[in-house]
Amino acid sequence: MARATFRDWGLHSRADDARSVVSELIANVVQHTTPDECLTRPGAPRRIDVAFRGWPKWTFIEVSDEDSSPPMLPMGEVFSPALVGDLPEAVLPDSGRGLLMVQSLVDALWWAPGEQGGKTVVCRFDLGSDRLGNGTHEGGE
């Protein structure tokens with residue numbers, strides 16, 4: 001869906017990045033969230049909403065879930081990149097790498113609490129010379 005949307009909008013160079021971002025954010029919801037009203041019911045159904053919004057200079061991907069807990073956005077590198085090759089795999093962090101990958105693929109990453117609970121993680125792609133409106137969609141979801 002992400003790759004097709006970006007391609008439909010003429011954003012071929014960012015289509016694979018969009019697919020990776022959506023895949024990682026949905027995986028995070030499945031692995032790390034529990035809907036607010038289901039905290040005591042493991043395995044309860046979850047709602048995940050994905051939205052694509054496009055403007056001439058930016059495209060946004062939004063992934064919303066029903067868990068009000070803030071995502072653990074990366075605050076910086078845990079280890080110097082120069083040391084990572086020398087460290088045993090067991091010492092490297094088990095979590096947080098996915099959002100670090102997302103952060104490296106997008107131009108901005110943030111989250112916002114939902115009005116009725118839950119949260120939305122927002123990713124912004126700056127389009128530069130790849131602009132919407134050059135014979136493609138102009139915005140939309």
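This passage describes the fold of a predicted model, moving from the overall layout to the sheet, two of its helices and two single residues.

The chain contains four helices and four strands. From start to end of the sequence, these elements are arranged in the pattern α-α-β-β-α-α-β-β. The chain has 141 residues, and 33% of them count as buried. Taking contacts between residues at least 6 apart in sequence, 65% connect residues at least 24 apart. The accessible surface amounts to about 8,700 Å², with carbon and sulfur atoms contributing 51% of that area.

The sheet is a good place to begin looking at the model. Its four strands form an open sheet in the order S1-S2-S4-S3, and the pairing is antiparallel. Strand S1 (49-54) and S3 sit at the edges, each pairing on one side only. From one strand to the next, the twist averages 20°. Strand S2 (residues 58-65) and S4 run antiparallel and are joined by eight bridges. Along this pairing, Trp58 stands opposite Asp126 in S4. Helix H2 packs on the sheet, where H2 touches S1, S2 and S4. The direction of H2 makes about 15° with that of S2.

Helix H2 itself repays a closer look. The 18 residues of H2 should span 26 Å at 1.5 Å a residue, and the end C-alpha atoms of the helix are indeed 26 Å apart, so the two values agree. The buried residues of H2 are Ala15, Ala18, Val21, Val22, Leu25, Asn28 and Val29. Viewed down the helix axis, these residues fall within an arc of 155° and therefore line one face of H2. An α-helix has 3.6 residues a turn, so residues three or four places apart point the same way. On the face of H2 turned away from the buried side are the exposed residues Gln31 and His32. The cover over the buried residues of H2 includes helix H1 (2-8), S1, S2, H4 and S4.

Val22 gives a residue-level view of this packing. This valine is found in helix H2. With a relative accessible area of 8%, Val22 falls under the 20% limit and is therefore buried. Leaving aside residues up to four places away in sequence, Val22 touches Ala2, Val50, Phe52 and Ile61. Val22 and Ala51 are 29 residues apart along the chain, and their C-alpha atoms are separated by 9.9 Å.

Helix H4 (residues 97-105) also has a buried side. Its residues Gly98, Leu99 and Val102 are buried. Around the axis of H4 they cover an arc of only 95°, which places them on the same side of the helix. The buried residues of H4 pack against helix H2 (15-32), strand S3 (108-113) and strand S4 (119-126).

A final example comes from outside the helices and strands just described. Gly128 lies in the segment after S4. Its relative accessibility is 43%, a value between the 20% and 50% limits, so Gly128 counts as partly exposed. Although Gly128 and Lys57 are 71 residues apart along the chain, a distance of 6.6 Å separates their C-alpha atoms.

Key: Residues numbered from 1 in each chain as written. Predicted model: local features only at pLDDT ≥ 70, side-chain atom pairs only at ≥ 80, totals over all residues. Heavy atoms only, no water. Helix = DSSP H or I, 4+ residues; strand = E, 2+ residues; numbered from the N terminus. Buried < 20%, exposed > 50% of the residue type's maximum accessible area, 1.4 Å probe, protein only. Contact = heavy atoms within 4.5 Å. Areas by Shrake-Rupley, 256 points an atom, 1.4 Å probe, with all protein chains shown as cover. Arc of directions from axis to C-beta. Pairing = 2+ DSSP bridges. Axes fitted to C-alpha atoms, helices over the stretch in contact; angles between N-to-C directions. Expected span 1.5 Å × (residues − 1).
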